Amino acid sequence: YVSADDGVVTFCPMTLKSSRLLGITKYDPNFQREWSKQVLQQNGRANVDEIAVLGGNVFIFISEFIPREKTIETSFTQIDLDGNILSTREIISTDPNAPEHRVALKYVRSINKKKLLCYKNLANNNDRERLQYYLFDHQSPEVISGTIEIPYPADKFQLRSISISNNGEIYVLGKFFRVNRVKDPDDYGFKLYRMQAGADRMMELDLPSNNNYVTDLMLKVDPRDNAFLTGFYSERSTSEIVGTMFFRVNEEFNIEVQAATRFSDRFLNQFLNSRQIDRGRELKNFYLDNMVLRSDGGVLMMAEKYYTTFNSYMDAFGYWTEQRIHHYDDIIVNSVGANGEIEWSSVVPKQQMSERRDHLGYVDVVSGAELFLVYGYRPRRAPAAMYLNVVGPEGQVSSRELLRSASNNTDNLYPRLSQQISNSEAMMVFYQDRDKILSIARVQF
């Protein structure tokens, strides 16, 4: 999605007959094609890692193995919104094709979508954890690069998240281990680091667990450089949850608010009976998906139940085949106030399962005081389609509603390709079985 002119950029083969030539196509707000540019001719050694729109420019990042030098080159091509190529395959890094360098770059954008941070951690179990980064800005042709060195050995440190602020400050959230096998909440902990891109000085902040097993943490930085960290905790183990964790770190890099709030028994009763709750049973298989920052300093937390099962069967040739089935079930929504305490918790019931994960999951859209959760669902004796539930400002959950007009054809939603694009609009990507085409729809909520 291109916020500068409300258009769309897609990456696809240049012709219907061959996928050898890949390119960028720009569409206007009415999905009318404006221009196309070839960016890659496939040779078996190159991959497009990321496509990002920063302000009025489109960046295409490509990594390629060079056999003669035995290196991996990462480069970018820059095109403006009128289709003018500003740079072609400009190299940002050349690394040996060695195990510690054979790590794909990851990409994260600032909250205003005007800065892009490319990074990778260089694995080396005999040395400190090191992160290599490159920072792009929509207004500057200069690429800021550098290395972040974490004061922990790589085998005792786990990178959890990286964020870039609107002002170009890099935040690193990591989990460190004091022992090889966790048996106690004090056996591991979380650290938050902050540094200005291009600078050497780095600040470190300890995130205390208060003798709880912190099972998940997510990091987001607001426009005022306040860092929000939310997740779940357990009183029993690292594989269960019984409440929410909340940290708000102010712009001076001090913990302003810290709270751990247990789920209410009323909420737990939707998954466990009273006897199980009295015995200390907790919830399993829930993983934090997203955190939405609120204007009052609170957050909305969304988590989904995920697990896998296996099924064995004999195929037509008499061989035993094993299937791995992915299950994406209920969504839990927690409203956490500015003081870090839970205001309400809600459950959106759903069941999805498939061997492929492309169509599983959901899209969350916040419009006004309501939260819309869109997902694929197949009613009994009916084709799959896009449905939604609405979570109100007090946590009330509406019944499941059909998002797109009913038909006798199947629509398979791609949640990971869909996104909210404004305060009241979202872009949904789905596959229409009838026409065998990938479709894009702008939905007003």
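This passage walks through the salt bridges of the structure and then turns to the surroundings of one asparagine. The model is a predicted one, and residues are numbered from 1 along each chain.

Side chains of opposite charge can pair when their charged atoms come close. A search of the whole structure for such pairs returns 21 salt bridges. A few of them are described here, beginning with those of an arginine.

R442 is a good place to start. This residue pairs with D6 in a salt bridge whose closest N and O atoms are 2.9 Å apart. The two partners come from distant parts of the chain, 436 residues apart: R442 belongs to strand β34 (residues 437–444), while D6 sits in the segment before β1 (8–13). R442 has a relative accessibility of 22% and counts as partly exposed. D6 is likewise partly exposed, its relative accessible area being 25%, because the partly exposed class covers values between 20% and 50%.

R442 also forms a salt bridge with E425, with an N to O distance of 3.1 Å. Here, too, distant parts of the chain are linked, since E425 lies in strand β33 (residues 425–432) and R442 in strand β34, 17 residues apart. E425 has a relative accessible area of 16% and is buried, because that value falls under the 20% limit for burial.

A further pair joins K120 and D95, where the closest N and O atoms are 2.5 Å apart. K120 is found in strand β9 (residues 115–122) and D95 in strand β7 (residues 85–96), so this salt bridge ties together parts that are 25 residues apart in sequence. Both ends of the pair are buried: K120 has a relative accessible area of 5%, and D95 has a relative accessibility of 7%.

Salt bridges can also share partners. D5, K26 and E34 are joined in this way into one network.

Attention now moves to an asparagine. N290 is located in strand β22, which spans residues 286–293. With a relative accessible area of 17%, N290 is buried, because this too is under 20%. Leaving aside residues up to four places away in sequence, N290 touches M218, K220, L300, M301, M302 and D364. With D364 there is also a polar contact, made between the two side chains at 3.0 Å.

Technical notes: Predicted model: local features only at pLDDT ≥ 70, side-chain atom pairs only at ≥ 80, totals over all residues. Heavy atoms only, no water. Salt bridge = Lys/Arg side-chain N within 4 Å of Asp/Glu carboxyl O. Helix = DSSP H or I, 4+ residues; strand = E, 2+ residues; numbered from the N terminus. Buried < 20%, exposed > 50% of the residue type's maximum accessible area, 1.4 Å probe, protein only. Polar contact = N/O pair within 3.5 Å; in protein donor to acceptor, adjacent residues only side chain to side chain. Contact = heavy atoms within 4.5 Å.
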